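Work through the exercises below with the sequence and the structure in view. Each task is followed by a solution in steps.

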Amino acid sequence: MKLAVIGSGYVGLVTGAGFSDFGNHVTCVDIDPSRIARLRQGEIPFHEPGLPELVQRNARQGRLVFTTDTVEAVRDAEVVFLAVGTPSRPDGAADLSYLFDAARQVGRGLGGKTVVVTKSTVPVGTAEKVREVVRRETTHPFSVVSNPEFLKQGAAVDDFMKPDRVVIGAEDPRAAEIMVKLHKPFTRTGAPIMVMDCPSAELAKYASNAILATKISFMNEISNVCDLFGADVDRVRQAVGSDRRIGSSFLFPGVGFGGSCFPKDVKALSRFSADRKYDFKILKAVDQVNEYQKRVLVKKIEAHFGSTLKGKTIAVWGLAFKPKTDDMREAPSVPIIESLLAKGAKVQAYDPEAMKVAKGIFGNKITYAPKNYEALKGADALAIVTEWQEFREPDFARISFLIRAKSGSRNSCHSVTMASASAPFNAS
């Protein structure tokens, strides 16, 4: 099929590259000329494992092309995906202005009977609004479909190629048939393709992310209670996760969730529910717990050193909101570092992928270490914020040596303070 994907960010680029890898001709569109120029050179503007190879391979074969011209891209397309950002507004509602701008451009370019697909995460009822926007711009027949993405940053390529399920919201049987045909090659191992109405499809994405966010906030609350009673949160997590009704996923306590999805989607679901006079109490609590959890790590560091952090140097391992990405949108590391700085501490940070992004956020307010153990030189404590694999089995003797070296006595009897995402611990 001939496809067009409007928006070449995480979702759009993975979608376009994934479909092209199965023989479809895909044109990816972005309004940023510099991004398109980089993509044409085979450069990926963000870190996502497996994506560079996927993009480069299909671009070489001519199945994947890039442009800034939406109208030209959609003229001969059978299916057009809208994959632009829907960021949070100050009141928590999803900002759909980019989506509607893209829909207008698509409407102006339609050249035949086309399926227009909302791939972006959007509030219930958006498909109908997109339909009205496109209708005002064209006389050509078209259908609007909701096809929410379920991609995890750091594993987006695998999630697209091997989905747990494909959700299609469509009122038009022909459009539904086209979408099923397009996705069948990805579901040969038995993953279900679920066809439903557009409102149900739109809500399915929010419900999925909200449940996962709820599990994270709940486990963080359990972790805080464990601290009060001296219980081992890891043992508790294992016992809870062994229950098949609950499962072990998303039960790891930490510094709170971040990124471009969970915080935004929790707020948006609560907001558009409130628009229908429904008070989504659980989600409000999930959001409140998450904001509180971002302060817990700093509180633990303060508790160790006493009333002030002034003059202390804190090493921070991990800046991205999760491993295998350089994305720092809503990353817990940002408020953690800002709090440490506000309390007079110095910060020496390291992340395997997010250093460039971090420099754009913090500038010269913090020190950037070229390697993880370099961040420990002269530090009083280590805060592990992001659970990159290379941080999971650290060299404790080396950590102890580097931190204690600051005092000038490698035989110091003081403990080495380490604060991880779940709980602080001391290495004597």
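**Exercise 1: enclosed space**

Two cavities of 30 Å³ or more are counted, a cavity being a set of points on a 1 Å grid over the protein atoms alone where a 1.4 Å probe fits but cannot get out. The model is predicted: local features need pLDDT of at least 70, side-chain atom pairs count only at pLDDT 80 or more, and totals for chains, interfaces and linings use all residues. Residues are numbered from 1 along each chain as its sequence is written, and side-chain values use heavy atoms, without hydrogens and water.

Task: describe the second largest cavity.

Step 1. Its volume, the space filled by probe spheres set on grid points joined across faces, edges and corners, is about 40 Å³.
Step 2. Lining residues have an atom within 4 Å of a point; here they are Thr-118, Ser-120, Thr-121, Val-122, Ser-146, Pro-148, Glu-202 and Lys-205.
Step 3. By class, this lining has two nonpolar, four polar and two charged residues (nonpolar: Ala, Val, Leu, Ile, Met, Phe, Trp, Tyr, Cys and Pro; charged: Asp, Glu, Lys and Arg; polar: the others, Gly among them).

**Exercise 2: an open pocket**

Task: find what lines the second largest pocket (a pocket is an open set with protein on both sides within 12 Å along at least five of seven lines).

Step 1. The second largest pocket has a volume of about 1,200 Å³.
Step 2. Among its 47 lining residues, Gly-9, Tyr-10, Val-84, Gly-85 and Arg-329 are the closest to the centre.
Step 3. Helices H1 (10-20), H2 (33-40), H5 (97-109), H11 (262-274) and H14 (355-362) each give two or more residues to the lining (helices are DSSP runs of H or I, at least four residues, numbered from the N terminus).
Step 4. H5 gives the most, four residues.
Step 5. The classes are 18 nonpolar, 14 polar and 15 charged.

**Exercise 3: a pair within H5**

Task: which side chain meets Arg-104 in a salt bridge?

Step 1. A salt bridge needs a side-chain nitrogen of Lys or Arg within 4 Å of a carboxyl oxygen of Asp or Glu.
Step 2. The whole structure has 23 salt bridges.
Step 3. The partner of Arg-104 is Asp-101, at 2.7 Å, N to O.
Step 4. Both lie in helix H5, three residues apart, about one turn of the helix.
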